Amino acid sequence: MTPANHQPQPGAYTAELRAAARHLGRRRFLTLTGAAAALAFSVNLPAAGAASAAELDAARITEDPFTLGVASGDPLPHSVLLWTRLAPSPYQADSGLPAQRITVSWELALDERFRRVVRRGRTTAHPEFHHTVHVEVDHLDPQRVFYYRFKVGGFVSPTGRTRTAPPESARAAGLTFGLVSCQRYDQGYYTAYKHLAEEDVDLVFHLGDYLYEYAVSAVGGSRAYPAGTLPALFGHETVTLEDYRLRYALYKSDPDLRAAHAAHPYVVTWDDHETENNYAGDTPENSVPPEEFLLRRAAAYRAYWENMPLRSPQLPDGPDLKLYRRLHWGRLAQFDVLDTRQYRSDQAYGDGWQYPGPDSEDAGRTLTGDAQERWLLGGWQRSRAVWNVVPQQVTFSQRLNSTTLPSKVSMDSWDGYPASRERVLAGAQAAGVENLMVLTGDVHVHYGFDIKRDFDDPDSKTLGTEIVTTSITSGGNGSEKPSNWNTYLAANPHLKFYNGLRGYATVTLGREAARADFKTVSHVTTEGAPLTTAASFVTEVGNQGLTPA
């Protein structure tokens, strides 16, 4: 969530590329897989056999290739996903490697000294994927902690820690996870990640804005590095595949972010800035043709998959990537991870904070798209979990910015798509979902909401709770009580907590109750801020609503 009207640099795509995209047209571009991929960037999937890239002798790599760390994600009962990216020179377009494939060894062990290795193998880092590696290790024992590492030539990666989920039928007793979002590099240090790396959590949900498309100065913005610390290639907005790949390298070069990834498995979903501020489906923020925006979207989606710990079903197909997916933690929790960017209707009334009206209240408008909505509601019908948890991006609960009615609402959030929200709430009620929890990022503040069946009636049934985590850095230092703090609490009686400092949240789910802890750091524009638990709330199974712990 950032001011609009940032224009990408001109000439990002050649005239031939733009002309070809216009010739294909929007509909054909979205469906012609090979053409879309070829148009978006001059790399396709790695070729097989004689057509594949030559192999590089790993002995020729003379500098540490593991500068961007390791990560794991999407834990399943019998499988873990391991990630790394080879980049001896991460601030170069080629990462300091030739366009050749590289053999990477990996190990998975029960101990961090790797004396009890349970799986090992080799995989290939392909130049077409910018030498990223996604290893899906299967046939593992459920509900176990594992340690992993990679090797290339004489280099060994940092050690990562991950885990498998309980069996889907297991009566899991508890689960603790972290919530993070919005980590604009040039607006502060990742001190919150340093603290999160030391937390005892089972996994971390990243709720979007992992990357920001905006230019980063040579001094790193608010980080105020010495002049010339960062190269000039970060000094423009990301538009091309090379741009996005380099920006991920910048973000992942941060040691605190790398530590948090190594410490915990992540479940990731994007919001807007991984591509462009407040885009909606194939509609860009700025006035460029949709087919040209889809070139940008294809590049952004490709770089996102390459740099995130995602499994093979999430491999993008040109400008399309199916990111919504379902995970389970035994019969304790079902997680329905949403994508509220790729399929949404365009924001009504020009976006921003506007008075609701016929356009925003049109019953045909959608935030999730029809297919994802059916998938979500159908999953609830079949759910056997105590908790049904929805990790997603933008504020779900009603949020009025005035005590005088009518009040303006955010057209980018679920308030701008009330018919879509109503279908979701009706679907939850029809499915008998008793313990609903929505997880949200985007707004750079902590919120704790009760989800009401009718937000205009404070006495209506509370269907669940919404835990909104603040940003890691975006928005700068922030303040404990923003200027609208009193107004928001008065205008929204279902809002139980509001704090505008940076940080993250943790949630512990149990079979009787859940606990949310909102954690903050006092500043991010300089390093070293301590961590404070600003507030803690509980919500009981079968009796939803946030109460102070």
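Colleague: Is L439 buried or exposed in this structure?

Modeller: L439 is buried, because its relative accessible area is 0%, where the cut-off for burial is under 20%. The model is a predicted one, and the value is computed from it. L439 sits in strand β17, residues 436-440.

Colleague: Which residues does L439 touch, beyond those up to four places away in sequence?

Modeller: L439 touches F177, L179, F205, L207, V389, V390, P391, Q392 and I467. By contrast with these contacts, a C-alpha to C-alpha distance of 27 Å separates L439 from A298, which is 141 residues away in sequence.

Colleague: How should one read the nonpolar cores?

Modeller: In soluble globular proteins, nonpolar side chains tend to be buried together. In this model, the largest nonpolar core has 46 residues, and V180, Y185, Y193, Y266 and Y304 touch the most other members. Two or more residues come from each of α3 (191-197), α4, α5 (255-263), β11 (266-268) and α6.

Colleague: Which element provides the largest share of this core?

Modeller: That element is α6, with seven residues. A second, separate core has 31 residues, among them F177, W387, A505 and A514.

Colleague: What surrounds Y193, leaving aside its neighbours within four places in sequence?

Modeller: Y193 is in contact with V180, Q183, H206, D256, L257, A260, Y266 and I472. Of these partners, V180 and Y266 are also named with Y193 among the core residues that touch the most other members.

Colleague: How many residues of α6 are buried?

Modeller: Of the 18 residues in α6, 17 are buried, and the helix is mostly covered. From its first C-alpha to its last, α6 reaches 25 Å, close to the expected 26 Å.

Colleague: At what angle do α4 and α6 cross, and what is the handedness?

Modeller: The axes of α4 (residues 241-252) and α6 (residues 290-307) cross at roughly 35° and come within 8 Å. The crossing is right-handed. On the α4 side the contact involves L241, Y244, R245, Y248 and K252, and these meet R296, A299, A300, R302, A303, Y304, E306 and N307 of α6. By class, this contact has seven nonpolar, one polar and five charged residues.

Colleague: Where does H261 lie, and why does it count as buried?

Modeller: H261 lies in helix α5. Its relative accessible area is 3%, and therefore H261 is buried. Not counting residues up to four places away in sequence, H261 touches V70, A71, S72, Y148, Y210, K252 and Y266. One of these, K252, also takes part in the contact of α4 with α6. H261 and V288 are 27 residues apart in sequence, and their C-alpha atoms are 36 Å apart in space.

Colleague: What should one look for in the backbone geometry?

Modeller: Most residues other than glycine have a negative phi, and most peptide bonds are trans. In this model, D209 has a positive phi near 60°, and D351 has a positive phi of about 75°. The peptide bond from L405 to P406 is cis, with omega near 0°.

Colleague: Where do D209, D351 and P406 lie?

Modeller: D209 is in the loop between β10 (203-206) and α4. D351 belongs to the loop between β13 (333-337) and β14 (353-354). P406 is found in the loop between β15 (387-391) and β16 (409-410).

Colleague: Are D209 and D351 buried or exposed?

Modeller: D209 counts as buried because its relative accessibility is 0%. D351, with a relative accessible area of 15%, is buried too.

Terms used: Residues are numbered from 1 along each chain as its sequence is written. This is a predicted model: local features need pLDDT of at least 70, side-chain atom pairs count only at pLDDT 80 or more; totals for chains, interfaces and linings use all residues. Side-chain values use heavy atoms; hydrogens and water are left out. Axes are lines fitted to C-alpha atoms, for helices over the stretch in contact, and angles run from 0 to 180 degrees between N-to-C directions. Helices (H or I, at least four residues) and strands (E, at least two) are DSSP runs, numbered from the N terminus. A crossing is left-handed if the near helix is turned anticlockwise from the far one by less than a right angle, and right-handed if clockwise. Contact means heavy atoms within 4.5 Å. Ala, Val, Leu, Ile, Met, Phe, Trp, Tyr, Cys and Pro count as nonpolar, Asp, Glu, Lys and Arg as charged, and the others, Gly among them, as polar. A nonpolar core is a set of buried Ala, Val, Leu, Ile, Met, Phe, Trp, Tyr and Cys residues joined through side-chain atoms within 4.5 Å. Buried means under 20% relative accessible area, exposed over 50%, partly exposed in between (1.4 Å probe, protein chains only). The expected span of a helix is 1.5 Å times one less than its number of residues.
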